[in-house]
Amino acid sequence: MPIDDVVLSFTPASLLILNVVLAVIILGIALEVRPADFRTVARSPKAVLLGICAQYLVLPAVTVGLALLLQVPASIALGMILVACCPPGGISNVLTHRAHGNVALSASMTAVSNLVAIAVMPLNVALWARLNPATAGLMRDFSLDRWEMLVQVLLIIGVPFAVGMPLARRFPAVTDILRPWVQRIGLLALLVFIVAGTASNLGPLREHLGTIFLVVLLHDAVALAVGYWTAAAVRLDEPSRRAFTFEVGARNTGLGLGLTLTFFAGLGGMAMVAAWWGIWDILAGLLLAAWWRRRDARRSAAASSVESNGSAGSAGSNGSAGSNGKRGRGR
């Protein structure tokens, strides 16, 4: 069966569970937001604004071009566009920390980008999908109601922020204890939902899994590169480049999956792109962060070795000079 004809089966109860899980994930992000994050934005708005542009303009534009270049089926192309229009996930802050990146910038970008997504995401999906004739046709088939999507995104993102930020401000000690558990439970529940949903709908999707795996692998690599090289183009420092990498590369694809099931009737290609992205971008991000950490450790060891050799050489030279001086005075 062509993947554009595959429709995943989910009950209303399962959709409700997914929306609750997504709200818990966003709550975990909101509990991490502090007034200092917005002061960081006020002090250096250019970096955060550049990050917003990279996420909501550059990445979707590159995604449209990539889908056209690969000539993927329409449902997969629309899934790629939807993922590119999603806000960053909370895992981006964890990956930035593990990669020795600029965590303050990452946290600020995550907070602002998620709030911006409430208004921008429905418009963005409609805008970029129309630039590909195949995805434009799908958009007409499903008659996307942007206002209804706005309300959905507002409930999933806006409400958790409205609850989480005041709690973090008034009870910082309590939220510092709760936040890691909320984040872990939300992420674990989403992974369980994705695995269970994929397993229950595996039959018609089996022949398309290889294509989806390769498309997501390439798309995720491009997203990470867009983040890094956007920051490099304006000569941000290396820690900030790493923050940009994960802010652009780690998308909240659980939100994309929820919107696919709600507004696109569980269209197979879209749902599978969003679902596999949610797993793969964590794996790819952890691998990239580990590579950066190892590279930093090697460079630090090399610098220490050069410094220690230089000190030893300097001490040896001073010793020789002193010895020669004594011999000279003796003569």
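The lining of the second largest pocket in this predicted model holds 4 nonpolar, 3 polar and 2 charged residues. Its members are E32, N93, V94, H97, V103, A107, R179, P180 and Q183. Three helices, α5, α6 (103-129) and α9, each give at least two residues to that lining. The volume of the second largest pocket is about 200 Å³.

The largest pocket has a volume of about 460 Å³. Its lining is made of 25 residues, and G90, I91, Q183, L187 and I282 lie nearest the centre of the pocket. By class, this lining divides into 12 nonpolar, 9 polar and 4 charged residues. Helices α1 (12-30), α5 (91-98), α9, α13 (253-263) and α14 each supply at least two of the lining residues. The largest share comes from α9, with 7 residues. Q183 is named in the lining of the second largest pocket, and Q183 is also among the residues nearest the centre of the largest pocket.

R179, one of the residues that line the second largest pocket, leads on to the salt bridges. The side chain of R179 forms a salt bridge with that of D176, with a distance of 3.1 Å from N to O. Both residues belong to helix α9 (residues 172-200); because D176 and R179 are 3 residues apart there, about one helical turn separates them. The two partners can be described by their accessibility. R179 has a relative accessibility of 17%, so it counts as buried, the limit for that term being under 20%. D176 stands at 38% and therefore counts as partly exposed.

In total, the model has 4 salt bridges. Another of them joins the side chains of E238 and R242, at 3.0 Å from N to O. E238 and R242 are both in helix α12, 4 residues apart, which is about one turn of the helix. E238 has a relative accessibility of 23% and so counts as partly exposed. R242 is buried, because its relative accessible area is 3%.

R242 also meets the side chain of D296 in a salt bridge, at 2.8 Å from N to O. This pair connects distant parts of the chain: D296 is in helix α14 (residues 268-330) and R242 is in helix α12, and their positions lie 54 residues apart in the numbering as the separation. Which residues are linked with E238 and R242 in a network of salt bridges? The other members of the network are R295 and D296.

Two loop residues call for attention on account of their backbone angles. Most residues other than glycine have a negative phi. Q71, which is not a glycine, has a positive phi near 55 degrees. Q71 is found in the loop between α3 (45-70) and α4 (74-85). Is Q71 buried or exposed? With a relative accessible area of 69%, Q71 is exposed, since the term applies to values over 50%.

R235 likewise has a positive phi, of about 65 degrees, and is not a glycine. The loop that holds R235 runs between α11 (209-233) and α12 (238-249). R235 has a relative accessible area of 76%, so R235 is exposed. Helix α12, on one side of this loop, is the helix in which E238 and R242 lie.

Terms used:
Residues are numbered from 1 along each chain as its sequence is written. This is a predicted model: local features need pLDDT of at least 70, side-chain atom pairs count only at pLDDT 80 or more; totals for chains, interfaces and linings use all residues. Side-chain values use heavy atoms; hydrogens and water are left out. Buried means under 20% relative accessible area, exposed over 50%, partly exposed in between (1.4 Å probe, protein chains only). On a 1 Å grid over the protein atoms alone, a cavity is a set of points where a 1.4 Å probe fits but cannot get out, and a pocket is an open set with protein on both sides within 12 Å along at least five of seven lines; lining residues have an atom within 4 Å of a point. Grid points are joined across faces, edges and corners, and a volume is the space filled by probe spheres set on the points. Ala, Val, Leu, Ile, Met, Phe, Trp, Tyr, Cys and Pro count as nonpolar, Asp, Glu, Lys and Arg as charged, and the others, Gly among them, as polar.
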